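Colleague: I would like to learn how to read a protein model, feature by feature. Please give me the general idea each time, then the case at hand.

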Amino acid sequence: LQAGHMALLVREFQPADQVAATRVFSDGVMSLSEAFASCARWSEVSLVLYAAAIGLLAPFFDTLPYYAILALLLLAYYVLTGAYGRRLTRNYVNMCLAADMADIGKHYLRPRSNFWVAVKDGVIVGTVALDERTREIGELRRMFVDRAARGQGVAKQLLFALTAFAAEQGYQQIVLGTTTAQEAAVQMYLKHGFVRSQKAPSTIDLLRAVTEIELVKTL
């Protein structure tokens, strides 16, 4: 699959791609840490904890300027939620690197599943996979695009390749899981025929900051 003006090639994963594909995946997940941290800053649980901290420090308002205490609390709040976002993403990366991403070829290069890479100017800049969930349903996984290549249609070309393969394999639906922190990705999928499934959204972290949603496309 060639996108002429971009010199972009979408092709099936090869064993020699393991390191580069893993890098794109890891960097892509880690780039979401700030989005996750932002969700954490505005989650109900975080705000309750922040209010509780103000209440505990209220007795000191008579001895220290209240604005100084509030400023310190806000700084601590920002730093801690930032660390929380990084921890969420790092834990997810480590979990996946110990599972399917440990050996991409072994997990995905099998009947009715596949893994693709997007190559631009000889460099892998994007990944996506299709995994068999049931005979009728294929699951889209590991859609990530290098930060420098975003906004150039890479994800769209990967999605086209995956959708064509899914149709050839006789799947009736493609499903995927994403989060409310990934608004740009959600909008891209909705633009290309996905809709929200009837599966109830669920939070994926202790602060109930990030909600996982399922999208589905009928072929």
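**Reading the model**

Modeller: Start at the surface: Leu75, Tyr78 and Val79 make a nonpolar patch of about 310 Å². This is a predicted model, in which local features need pLDDT of at least 70, side-chain atom pairs count only at pLDDT 80 or more, and totals for chains, interfaces and linings use all residues. Residues are numbered from 1 along each chain as its sequence is written, and side-chain values use heavy atoms, with hydrogens and water left out.

Colleague: What makes a patch, and how are accessible areas computed?

Modeller: A patch is made of residues with over 30% relative accessible area and no salt bridge; like charges are joined within 9 Å, and nonpolar side chains (Val, Leu, Ile, Met, Phe, Trp, Tyr) within 5 Å. Accessible areas come from the Shrake-Rupley method with a 1.4 Å probe, and for residues only the protein chains shown count as cover. The chain here exposes about 11900 Å², and carbon and sulfur atoms supply 61% of that area.

Colleague: Where is Tyr78 placed? Is Tyr78 buried or exposed?

Modeller: Helices (H or I, at least four residues) and strands (E, at least two) are DSSP runs, numbered from the N terminus. The chain has seven helices and nine strands, and Tyr78 is in helix α4, residues 66–97. Buried means under 20% relative accessible area, exposed means over 50%, and partly exposed lies in between (1.4 Å probe, protein chains only). Tyr78 has a relative accessible area of 47%, so it is partly exposed. Of the 219 residues of the chain, 43% count as buried.

Colleague: How do I check the length of a helix such as α1?

Modeller: The expected span is 1.5 Å times one less than the number of residues. Helix α1 has 13 residues and should span 18 Å; its end C-alpha atoms are 18 Å apart, which agrees. Buried residues in α1 include Ala21, Val24, Phe25 and Val29.

Colleague: What does Gln18 touch, apart from its neighbours within four places in sequence?

Modeller: Contact means heavy atoms within 4.5 Å. With those neighbours left aside, Gln18 is in contact with Phe13, Met101, Ala102, Asp103 and Ile104. Gln18 lies in helix α1, residues 18–30, and is buried at a relative accessible area of 18%. A polar contact is a pair of N or O atoms within 3.5 Å; within protein, one must be able to donate a hydrogen and the other to accept it, and residues adjacent in sequence count only if both atoms are side-chain atoms. A polar atom of the Gln18 side chain lies 2.9 Å from the backbone oxygen of Met101.

Colleague: How many salt bridges are there?

Modeller: A salt bridge is a side-chain nitrogen of Lys or Arg within 4 Å of a carboxyl oxygen of Asp or Glu. By this rule the count is 10. One of them joins the side chains of Asp27 and Arg23, at 3.7 Å from N to O. These two residues are four apart in helix α1, so about one helical turn separates them. Asp27 is partly exposed at 43%, and Arg23 is partly exposed at 32%.

Colleague: Which parts of the chain does the pair Arg112 and Glu132 link?

Modeller: Arg112 forms a salt bridge with Glu132, with the closest N and O atoms 2.8 Å apart. This pair links distant parts of the chain, 20 residues apart: Arg112 is in the loop between α5 (104–108) and β3 (114–120), and Glu132 is in strand β4 (residues 123–132). Arg112 counts as buried at 7% relative accessibility, whereas Glu132 counts as partly exposed at 29%.

Colleague: Which residues do salt bridges with shared partners join into one network?

Modeller: Take one pair to begin with: Asp131 and Arg141 meet through their side chains in a salt bridge of 3.2 Å, N to O. Shared partners join Asp100, Arg110, Asp131, Arg141 and Arg142 into one network.

Colleague: What is the phi of Arg112, and what is the phi of Arg142?

Modeller: Most residues other than glycine have a negative phi. Arg112 has a positive phi, near 70 degrees. Arg142 also has a positive phi, about 55 degrees, although it is not a glycine. Arg142 is in strand β5 and counts as buried at 8% relative accessibility.
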